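Me: I should like to go through the model shown below by question and answer. Please define each term when it is introduced.

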Amino acid sequence: MKLLPSLALIAGISMALSNIPQAIKIFGRKSAKDISVVSVLIILFGSIIWFTYGISIKNIAIIASNGIGVLSISCVLIGWVLYK
């Protein structure tokens with residue numbers, strides 16, 4: 001793999017993991033009162049579209065980063081449902 005695609009994969013995974021601290025905070029304090037569910041749903045929708053696109057073109061970087069993104073933002077959404 002060349003340098004730029006490798007950096008793009010690292011950036012994509014880093015961005016996908018950016019939701020984990022929010023999920024940890026929600027579950028830790030058992031409150032999601034400050035979360036904008038509309039924003040969460042928009043991010044989830046976009047990640048699902050990109051994940052599906054990655055599968056259709058068989059691009060592992062898009063699949064991996066957005067697959068992780070779907071999982072991490074889903075954790076935030078689950079926390080919102082449980083602790084809103």
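Me: Of the contacts in the protein chain with a separation of 6 or more, what percentage is accounted for by residues 24 or more positions apart?

Reply: This is a predicted model, in which local features need pLDDT of at least 70 and side-chain atom pairs count only at pLDDT 80 or more, while totals for chains, interfaces and linings use all residues. Residues are numbered from 1 along each chain as its sequence is written, and side-chain values use heavy atoms, with hydrogens and water left out. A contact means heavy atoms within 4.5 Å. For residues 24 or more positions apart, the share of the contacts with a separation of 6 or more is 74%.

Me: Which pattern does the protein chain follow along the sequence?

Reply: Helices (H or I, at least four residues) and strands (E, at least two) are DSSP runs, numbered from the N terminus. The chain has four helices and zero strands. Read along the sequence, the pattern is α-α-α-α.

Me: How far apart are the end C-alpha atoms of helix α3?

Reply: The expected span of a helix is 1.5 Å times one less than its number of residues. Helix α3 (residues 37-57) has 21 residues, so it should span 30 Å. The model agrees, with the end C-alpha atoms apart by 30 Å.

Me: What arc around the axis do the buried residues of α3 cover?

Reply: Buried means under 20% relative accessible area, exposed over 50% and partly exposed in between (1.4 Å probe, protein chains only). The buried residues of α3 are Val37, Val40, Leu44, Ser47 and Gly54. They lie on the same side of α3, because the arc, taken from the directions from the helix axis to the C-beta atoms, is only 110 degrees.

Me: Which residues are exposed on the other side of α3?

Reply: What covers the buried residues of α3 includes α4 (60-83). On the other side, the exposed residues are Val38, Ile42, Phe45 and Ser56.

Me: Is Ser47 buried or exposed?

Reply: Ser47 lies in helix α3. Not counting residues up to four places away in sequence, Ser47 touches Asn66, Gly69 and Val70. Its relative accessibility is 11%, so Ser47 counts as buried.

Me: Which residues follow α3, and what is the phi there?

Reply: The residue that follows α3 is Lys58. The phi of Lys58 is positive, near 55 degrees.
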